[in-house]
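Please look through the structure below with two topics in mind: the surroundings of one strand, and the contact between two chains.

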Amino acid sequence: MNAVNPGRKLALAGQALLLILLYLFLYFPIFYIMYLSFVENTVWPFPPEYTLEHYINLLTLDNFHQGLVNSLIIGIGTGLLSTLFATMAAIGLLKYQSRWRGLLMIFYLAPLFVAHILIGISSLIFNKAILGLPGNLLSAIIANATYATAFAFLVIVAQLARYDWRLDDVAMVFGATPAKTFREVTLPNIWPAIFGGFFVGFILAFNNLEISFYNLGAIPTLPTIAWGTLRHGIKPELYALASIVNAFIFLILIILYFLLKMGFLKLDIKDR
Amino acid sequence: MSETILQLQGIYKNFGSVEAAKNISINVSKELFALLGPSGSGKTTMLRIIAGLETPDKGRVLINGRDVTNLPPYKRGIGMVFQDFLLFPHKTVKENIVFPLKMQGKDESTKEEQYQWVSQLVHLEGLDERFPYQLSGGQKQRVALARGLVSRPSVLLLDEPLANLDRELRKEMEIEIRRFQLELGIPFIYVTHNQEEALTMSDRMAIMRLGQLEQIGDKFELYHHPQTSFVASFLGSTNAMQGEIKAVDNGCIVVDWDGVSLRAPYKDDFKIGMTVDYFLKSEKITIHPPGQKPDDHGRTVIEGRLRDTIFKGQYADYLISLKNDNEIIVSDVPTISPALRNATVSISWPSEAPDVFPADGGLA
Amino acid sequence: MLFFFVLPLLTTVVISFWRTESYTIIHDWNIDNYVVLLTKHTYLVFLGRSILMATAVTLISLIYSWPIAYFIAYAGGRYKLVLVLLTSAPFFTGIILRVTALQQIFGPIGIINTALINLGLKPINAFMYSNFASGMGLVYLWIPFMILAIYLSLLNFNFDLLEVAKVNGASPIKAFFEVTLPLNWIGTAVGIVLVFVPTLAASITPRFLGGVNGALFGNILAHQFGATGTWALGSAMGVVLFFVSIIAIFLVWKTVDLRRSGFTGGDI
C-alpha cells in the first residue's frame with residue numbers, strides 16, 4: 001500500500017539490478033567450475049569436450065577417501081559439539097533473565113570477531129606447546145567448535161527468541177518433570193532451530209581450512225587436500241570436488257528452505 | 001463558513017480490485033473535520049492521499065488553492081499525527097519535535113523558538129532529553145502532536161490518534177485537540193472509526209463506506225437527519241427494524257414489524273406495501289413505569305417485558321422484549337427500579353423520531 | 001568454551017614473548033618479537049597493506065550491501081527468504097573451493113583473460129595476480145556477512161517511520177540518513193566488523209589471487225607456522241593482528257550510541 005511514484009520505481013529497479021549483478025558475481029564462478037568439471041579442455045572450454053575423467057581422477061586421488069572421512073568426522077563432531085553448546089547457551093540466555101545477559105551474549109559471539117587463522121594457530125600452540133599433544137581430529141573438532149558454536153548460537157537464538165517459555169510452566173503445572181518438560185514440550189518446538197544450528201556447524205567445519213590445517217598437520221581433510229592441490233597449480237579434480245560439495249550444500253539449503261516455508265523454521269524475530 | 005483551505009476534487013483510488021476511493025470531493029475550512037467510517041471504508045486512504053503518501057488515480061488535491069496532487073509528501077508543508085504515534089526511537093523528545101524544522105533547514109533560533117512555543121502549547125515542558133521509550137502513552141501522544149504542529153503547517157492530519165490511549169486519557173486528549181485547533185486556526189482532519197470520538201471533537205464530519213462518501217455535513221445534521229440507512233445505523237446507538245408499510249394516515253405511515261405497528265413521517269417516495277428499514281436511536285425512546293400508559297396521539301406506543309436494566313450512571317439501557325420476540329434497547333434516565341425485572345412496561349416515541357428508508361438501500 | 005577459546009589465545013600471547021630456535025620454543029621472556037615487528041620496515045608494510053585492503057574491502061561491501069539488503073527487506077515480499085538465502089549460500093562452500101572458482105574467473109588464465117586473448121585483445125593486467133584481484137576475491141568471500149547483518153537489522157525496522165519523515169519534510173535521501181541508517185546502525189556496524197576482521201587476517205585469497213606482490217600480513221603470519229617454524233614471531237604477529245582487530249572493533253563500537261539504536265525502544 002505504498003505510493004509508488006516514478007522516482008521510487010526507478011530506485012527499486014536500480015536496487016533490483018544491483019541484486020541481480022550480485023547474484024551473477026556470486027554464482028557465475030560456482031556454475032562455471034561446475035561446467036568445467038565436466039569438460040576436457042578446461043582453459044578455454046568452448047566448444048566443450050565432455051568427460052567424467054575429473055571425477056574419476058578425484059575418486060582415485062591419494063588421500064581422497066581418508067580426507068573425506070576425516071572431513072565428515074570433523075563436520076559431524078563439530079556440528080554436534082557446537083549445537084550442544086549453543087543450545088545450552090541459548091536456552092540459558094533466553095529462559096533465565098540474567099543481568100549478565102549482554103556480557104554472555106558478547107562472550108558467545110566473540111569467536112565471530114576473531115580471524116580463523118588466529119583460532120587455528122592458537123589452538124595449535126595450545127595443544128602442542130602446552131598440553132604436549134600432537135594435532136589430532138579431536139583437537140581440530142574442538143577448535144572448529146569454538147567459532148561454529150558462535151554461528152550455531154546465532155541461528156538458535158534467533159529461533160528460540162520466538163519460543164514462549166510460559167509453555168514450559170504450563171507443562172510443569174500439569175505435572176511434567178523438568179526433563180519431561182524438555183522432551184515433551186520444549187524440544188518438539190525448538191528442534192528446527194537445533195537442526196539449523198547443527199547444519200551450520202557441520203558445513204562450516206567440513207569446509208574449514210585454516211583451523212583444521214593447523215590442528216591436523218599431516219592428517220588430510222578435503223579442504224587441505226584441495227589446498228595442497230591448488231598450491232601446485234589448479235588441477236581439474238578440484239572442479240569436480242567443488243561441484244560435489246556445492247551440489248551437496250545446495251541440496252541441504254533447499255531442504256532447509258522448504259522447512260522454513262512450511263513454517264518449521266522462522267528467520268525473523270519480529271513478533272517476539 | 002470561512003474560507004476553504006483544503007479541497008479534494010473527484011478523487012478515485014483503486015488498490016488492485018479494491019476501490020478505496022470513488023469520486024470523493026470534500027472541502028475543508030479552518031475547522032475540525034472528522035472522517036468517520038468502519039475499517040476498510042477508505043478513510044485512511046483519503047488521509048494518505050492528502051498527505052501525499054498515496055497518489056490518486058484520478059482527481060485533484062488543493063491546499064490553499066495550490067494543486068499539490070503530484071507533490072511528494074515532503075514538499076506539501078502539512079503536519080500529521082500518526083496512528084501508534086510513530087516517534088523516532090533514536091531521537092529525544094526535542095529532536096523528534098524539531099524534526100520537521102530541521103528538514104526545512106530552519107536555523108537554531110527558529111527551532112528553539114518554535115520548540116518553546118509548541119512544547120508549552122501541548123504541555124511538554126521538561127521532557128526535552130527523554131527518549132520515546134521513557135514516556136507514558138499520553139506523553140507520546142503529546143510529542144506526536146507537537147511534532148505535527150511545530151512547523152505551523154497549513155493542515156494537520158490525524159490518523160486514529162487516540163486509538164492507543166486508555167479511556168480517561170482519550171477524553172482528556174479529545175478536549176486538548178479541540179483547544180489546539182481553536183488556538184491555531186488551521187484545518188484539522190481527523191480519521192477515526194470511533195463515532196463517539198468523531199461526534200465529540202468535530203465541527204463537521206464525513207462518513208465513508210466502501211470507498212464512497214455516504215454523507216457530509218454538520219455533526220448534528222448527520223446525527224439527527226441521516227440521509228442513508230448506513231449513516232442512520234452507524235451513528236449513535238440505533239435499533240434497526242424492518243417492515244412493510246401498511247397504511248398512510250394523516251401525514252404518517254404505519255409500518256408492520258412482525259406484528260408490531262410502528263409510526264413514522266410520510267415521505268414522497270413511500271407507497272403502501274413497500275418494505276422499509278426503520279431506524280430508531282435508543283435515547284429517543286421513553287420508558288414508562290408499569291401501569292402508566294401514555295397517550296398514543298402522534299406517538300408509537302408498544303408494550304414489552306423489561307428483560308434487563310444496564311445501569312450506566314447518568315442514564316440506563318433498558319432491554320425490552322416484545323411480543324414478536326424482538327428486542328429494543330431504550331436509553332432513558334434511570335428512574336425505573338432494577339427490581340422491576342420482567343415487569344410489563346410501555347415504551348413510546350414520537351412519530352418523527354425514527355429515520356426510515358426504502359429497504360433496498362443496502363444495510364451494512 | 002572458556003577453556004578452548006580463551007586459553008589458546010592467552011597461550012599465544014605468552015609464546016609471543018618467548019623465542020624459537022631451530023623449531024623449538026625457548027622459554028625466555030623478551031620483547032624482541034615485537035621490536036622486530038614494529039621496527040622492521042617489511043612487516044609494517046605488510047600490516048599497512050592488510051589494513052588498507054581490509055578497509056577498502058569493507059567499504060566496497062558496505063556500499064554494495066546496503067541497497068541490496070534494503071531491496072530484499074523492503075520489496076522482497078514473500079520471496080525475501082529465498083533472496084537472502086541466495087546471497088549467503090556461497091558462503092558455505094568454504095574458502096578454498098571458492099578461491100578455486102574465483103581463479104577460474106579473475107585469475108591470469110581465468111575465463112575473462114582467456115576470452116580477451118582469444119579475441120586477440122590484451123589480457124587485463126588487473127587480473128594477473130594483483131591486489132585488485134585479491135580485493136575482488138575478498139569482497140566475494142565476505143559480502144554475504146554484510147548483507148545478512150544489514151538485512152536482519154532491517155527486518156526489525158519499522159518502515160512506517162520513513163513515511164513520518166517524509167510527511168515532515170524529509171526528502172528520501174535525508175530520510176535515509178536521519179532515520180533508516182541511524183536505526184540500523186548496529187546491524188551495519190556488526191557487518192563492518194564481520195567483514196573487516198577476516199579480511200585483515202586473509203592469507204589464502206591473497207596467496208592465490210594476489211600472487212607474489214599481493215602478499216598480505218596473513219601470508220607472512222602463516223609462513224611462520226609453516227616453512228620457517230618461527231612460532232614465537234608468528235605468535236607475536238597473531239597478537240598484533242588481534243590488537244588491530246580489537247582496535248577496529250572498538251572504533252566501530254564508539255560510533256554506536258545504544259540509546260539511539262532504537263533497541264530499547266520496545267513497542268513504540
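## A strand in chain B and an interface between chains A and C

In this predicted model, a bridge pairs T300(B) with W349(B), the latter lying in β19(B). T300(B) sits within strand β16 of chain B, residues 299-311, which runs antiparallel to β19(B) and is joined to it by seven bridges. Strand β15 of chain B, residues 286-288, is also antiparallel to β19(B), and here three bridges make the connection; in one of them H288(B) has S346(B) of β19(B) as its partner. As for the strand that these two partners share, β19(B) spans residues 344-350, and because five of its seven residues are buried, that is, under 20% relative accessible area, β19(B) is largely enclosed by the rest of the structure.

The second topic is the interface between chain A and chain C, to which chain A contributes 75 residues and chain C contributes 79 residues. About 7,200 Å² is buried between these two chains, with carbon and sulfur atoms giving 80% of that area. Zero salt bridges are found by the rule across this interface, whereas four residue pairs, both members at pLDDT 80 or more, are in polar contact. On the side of chain A that touches chain C, at least two residues each come from α1, α5, α6, α8, α9, α10 and α11 of chain A, and α1(A) provides the largest share, namely 18 residues. By residue class, this side of chain A consists of 59 nonpolar, nine polar and seven charged residues.

Conventions. Residues are numbered from 1 along each chain as its sequence is written. Chains are lettered from A and ligands numbered from 1 in the order in which they are written. This is a predicted model: local features need pLDDT of at least 70, side-chain atom pairs count only at pLDDT 80 or more; totals for chains, interfaces and linings use all residues. Side-chain values use heavy atoms; hydrogens and water are left out. Buried means under 20% relative accessible area, exposed over 50%, partly exposed in between (1.4 Å probe, protein chains only). Helices (H or I, at least four residues) and strands (E, at least two) are DSSP runs, numbered from the N terminus. Two strands pair if DSSP finds at least two bridges between them. Contact means heavy atoms within 4.5 Å. Buried area is the accessible area (1.4 Å probe) that two parts lose on being put together, summed over both. A salt bridge is a side-chain nitrogen of Lys or Arg within 4 Å of a carboxyl oxygen of Asp or Glu. A polar contact is a pair of N or O atoms within 3.5 Å; within protein, one must be able to donate a hydrogen and the other to accept it, and residues adjacent in sequence count only if both atoms are side-chain atoms. Ala, Val, Leu, Ile, Met, Phe, Trp, Tyr, Cys and Pro count as nonpolar, Asp, Glu, Lys and Arg as charged, and the others, Gly among them, as polar.
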